[in-house]
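Me: I would like to read this structure slowly, one question at a time. Please give a reason before each answer.

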Amino acid sequence: MVRTPPTCPQCPTRPMLWKDTEHMRSDAPDRWRWYCSGCERYWEPTATQKREYSYGTP
Ligand SMILES: [Zn+2]
């Protein structure tokens with residue numbers, strides 16, 4: 001099942017967020033953040049999102 005990323009809570013156009021895995025390591029798969037290319041902000045994922053999105057790369 002393919003999960004759709006959340007949309008930016010700040011941008012009026014509601015762009016989808018990107019999963020930024022720059023700081024992710026194999027021993028720390030939950031070290032990632034959401035990135036919005038619209039407002040160029042990083043968003044901390046919720047605990048639920050970390051659990052649901054930490055494994056598997058699209
Ligand atoms: Zn945004």
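**Reading the structure**

Me: What relative accessible area does Arg 33 have, as a partly exposed residue?
Reply: Residues are sorted by relative accessible area, where buried means under 20%, exposed means over 50%, and partly exposed lies in between (with a 1.4 Å probe and protein chains only). Arg 33 is placed in the middle class, partly exposed, because its relative accessible area is 27%.

Me: At which pLDDT do side-chain atom pairs count in this predicted model?
Reply: Residues are numbered from 1 along each chain as its sequence is written, and side-chain values use heavy atoms, leaving out hydrogens and water. This is a predicted model, in which totals for chains, interfaces and linings use all residues, local features need pLDDT of at least 70, and side-chain atom pairs count only at pLDDT 80 or more.

Me: Which pattern does the protein follow along the sequence?
Reply: Helices (H or I, at least four residues) and strands (E, at least two) are DSSP runs, numbered from the N terminus. By that rule the protein has one helix and three strands. Read along the sequence, these elements follow the pattern β-β-β-α.

Me: What radius of gyration does the protein have?
Reply: The radius of gyration is taken over C-alpha atoms, and the globule rule is 2.2 Å times the number of residues to the power 0.38. The C-alpha trace spans about 35 × 25 × 20 Å along its principal axes. For 58 residues, a compact globule would have a radius near 10 Å, and the protein agrees with this, having 11 Å.

Me: How many salt bridges does a search of the whole structure find?
Reply: A salt bridge needs a side-chain nitrogen of Lys or Arg within 4 Å of a carboxyl oxygen of Asp or Glu. Asp 27 and Arg 25 meet in this way at 3.0 Å, and the side chains of Glu 44 and Lys 50 do so at 3.2 Å. Arg 33 also forms a salt bridge with Asp 20, with the closest N and O atoms 3.7 Å apart. The number found in the search of the whole structure is three.

Me: How many residues apart in sequence are the parts tied together by the pair of Arg 33 and Asp 20?
Reply: Arg 33 and Asp 20 form a salt bridge. Arg 33 belongs to strand β2 (residues 33-35) and Asp 20 to strand β1 (residues 18-20), so the parts that the pair ties together are apart in sequence by 13 residues.

Me: Is Asp 20 buried or exposed?
Reply: Leaving aside neighbours within four places in sequence, Asp 20 is in contact (heavy atoms within 4.5 Å) with Trp 32, Arg 33, Tyr 35 and Tyr 42. The side chain of Asp 20 also reaches the backbone nitrogen of Glu 22 at 3.4 Å. Because its relative accessibility is 14%, Asp 20 counts as buried.

Me: Which of the two partners, Asp 27 or Arg 25, is exposed?
Reply: The side chains of this pair meet in a salt bridge. Arg 25 counts as partly exposed because its relative accessible area is 43%. With a relative accessible area of 58%, the exposed partner is Asp 27.

Me: How many residues make up the largest nonpolar core?
Reply: A nonpolar core is a set of buried Ala, Val, Leu, Ile, Met, Phe, Trp, Tyr and Cys residues joined through side-chain atoms within 4.5 Å. The largest one includes Trp 32, Trp 34 and Trp 43, and Trp 32 touches, among others more than four places away in sequence, Met 24, Pro 45 and Tyr 53. The number of residues in this core is eight.

Me: How many disulfides does a search of the whole structure find?
Reply: A disulfide is a covalent bond between the sulfur atoms of two cysteines, and here the sulfur atoms have to lie within 2.5 Å. Cys 11 is buried, with a relative accessible area of 12%, and Cys 36 is buried at 0%. The number of disulfides found is zero.

Me: In which loop is Glu 40 found?
Reply: Glu 40 is not a glycine, although its phi is positive at about 55 degrees. Glu 40 is exposed, because its relative accessible area is 58%. Its place is the loop between β2 and β3 (42-43).

Notes. A polar contact is a pair of N or O atoms within 3.5 Å; within protein, one must be able to donate a hydrogen and the other to accept it, and residues adjacent in sequence count only if both atoms are side-chain atoms.
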